[in-house]
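User: I would like a close look at one part of this model, namely a helix and the neighbours it packs against. Please take me through the geometry and the residues involved.

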Amino acid sequence: MNGRQESGNSSRLDDAARAGWLYYVAGNTQDQIAAKLGVSRQSAQRLVSLAVSEGLVRVRIDHPIANCLELAQRLKSRYALDLAEVVPSDPDSPSTTIGVAEAAAAEIERRLSSPEPIVMALGTGRTLKAAVEQLPAMECPQHKVVSLTGNIAPDGSAAFYNVIFTLADTVKARSFPMPLPVIVSSPDERAMLLSQPMIQPTLALAARADVTFIGLGDLGPNAPLYEDGFITEAELKALQKAGAVGEIVGWAFDRDGRMIEGITNDRVASAPIPSREKSLVVALAMGERKLPGIRAAANRRLVNGLITDERTAAALLEG
């Protein structure tokens, strides 16, 4: 087989993998796939069939699309990341989790498949929740999973996007929740709560996590911290005025990746972000609204791993 034939076969497999992803993961019809790939409906059908016959389709697409691989490698080089994964973008989907959640689930599953005991720390958020819901049932009694953030919502109910209990139940690992509000009423209350004997072991365990998966929230008008009731509109505006562009488990930071002084940060009851020098901290994030926060977190090395999509990756490399 000459080089031209090999290149043609590789390109066709790339197209098949992309068609398979659009069909099985993003839920597109064959007519929609045809329009997005610029081919006939019959060609789209054949590409989806090829993805199956070549073993590219399981639950997730198992074929690395060339452009995604290249973007991931460039992200690793540009931002000195220890892990970068880029998934295809669906141009018409408004979802901020699709693709990224599936890729994150695969990475979490891979880490939990290790026979050697690990400590896995977890943040919170919509993408992480969607990822955990993709996990298969596993038996992982050798591992420990620990929450970085409180599991109590402002009204006293269980925080909806806290995933520690769902993950622990799915994979049968020992779990260590943080039985606290995400943001407390005062710095004194925070100091008192974090000093409690039942909290100290959880903080110590989080600090020595081998791998951490976190969501990254924006601090625009529809900031998750605000929409979910953890901060007031006045506090959101104060954070914006102070230059905040993103938050990780409640910790707000500016476009240089520096933590905002005061406002809500002195009342956040979350554990500190685990060491990026001794462990892997992976952000799951995509979309235009999150770009400033992702860029700041990567530049400042608040995270050293990233799972995102093509459009977000390309924008991060342009800036």
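Analyst: The model is a predicted one, and the part to look at is helix α13, beginning with its packing against helix α12. Helix α12, which covers residues 291-299, packs with α13 at an angle of about 60°, and the axes of the two helices are 10 Å apart. Because angles of 65 to 115 degrees count as roughly perpendicular and those under 35 as roughly parallel, the pair α12 and α13 is described as oblique. The crossing in which α12 passes α13 is right-handed. On the α12 side the contact is made by Leu-291, Ile-294 and Arg-295, and these meet Thr-312, Ala-315 and Leu-316 of α13. Sorted by class, the residues of this contact are four nonpolar, one polar and one charged.

Helix α13 itself spans residues 310-318, and it also packs with helix α4, residues 66-79, here at an angle of about 40° and with the axes 10 Å apart. That angle makes α4 oblique to α13. In this case the crossing, with α4 passing α13, is left-handed, whereas α12 passes α13 in a right-handed crossing. From α4, the residues that take part are Asn-67, Cys-68, Leu-71, Arg-74, Leu-75, Arg-78 and Tyr-79, and they meet Glu-310, Ala-313, Ala-314, Leu-316 and Leu-317 in α13. The residues of this contact divide into eight nonpolar, one polar and three charged.

Reading the two contacts together, Leu-316 of α13 appears among the residues that meet α12, and Leu-316 is also listed among those that meet α4. Ala-315 and Thr-312 belong to the α13 side of the contact with α12, while Ala-313, Ala-314 and Leu-317 are among the α13 residues in the contact with α4. As for charged side chains, Arg-295 is the residue of that class contributed by α12, and Arg-74, Arg-78 and Glu-310 are those found in the contact of α4 with α13.

For a point of comparison outside the helices, Pro-136 is found in the loop between α6 (126-132) and β3 (144-152). Pro-136 is partly exposed, with a relative accessible area of 32%. Leaving aside residues up to four places away in sequence, Pro-136 touches Glu-109 and Thr-170. Pro-136 and Glu-109 are 27 residues apart in sequence, and their C-alpha atoms are 8.1 Å apart in space.

How values were computed:
Residues are numbered from 1 along each chain as its sequence is written. This is a predicted model: local features need pLDDT of at least 70, side-chain atom pairs count only at pLDDT 80 or more; totals for chains, interfaces and linings use all residues. Side-chain values use heavy atoms; hydrogens and water are left out. Axes are lines fitted to C-alpha atoms, for helices over the stretch in contact, and angles run from 0 to 180 degrees between N-to-C directions. Helices (H or I, at least four residues) and strands (E, at least two) are DSSP runs, numbered from the N terminus. Angles under 35 degrees count as roughly parallel, over 145 as roughly antiparallel, 65 to 115 as roughly perpendicular and the rest as oblique. A crossing is left-handed if the near helix is turned anticlockwise from the far one by less than a right angle, and right-handed if clockwise. Contact means heavy atoms within 4.5 Å. Buried means under 20% relative accessible area, exposed over 50%, partly exposed in between (1.4 Å probe, protein chains only).
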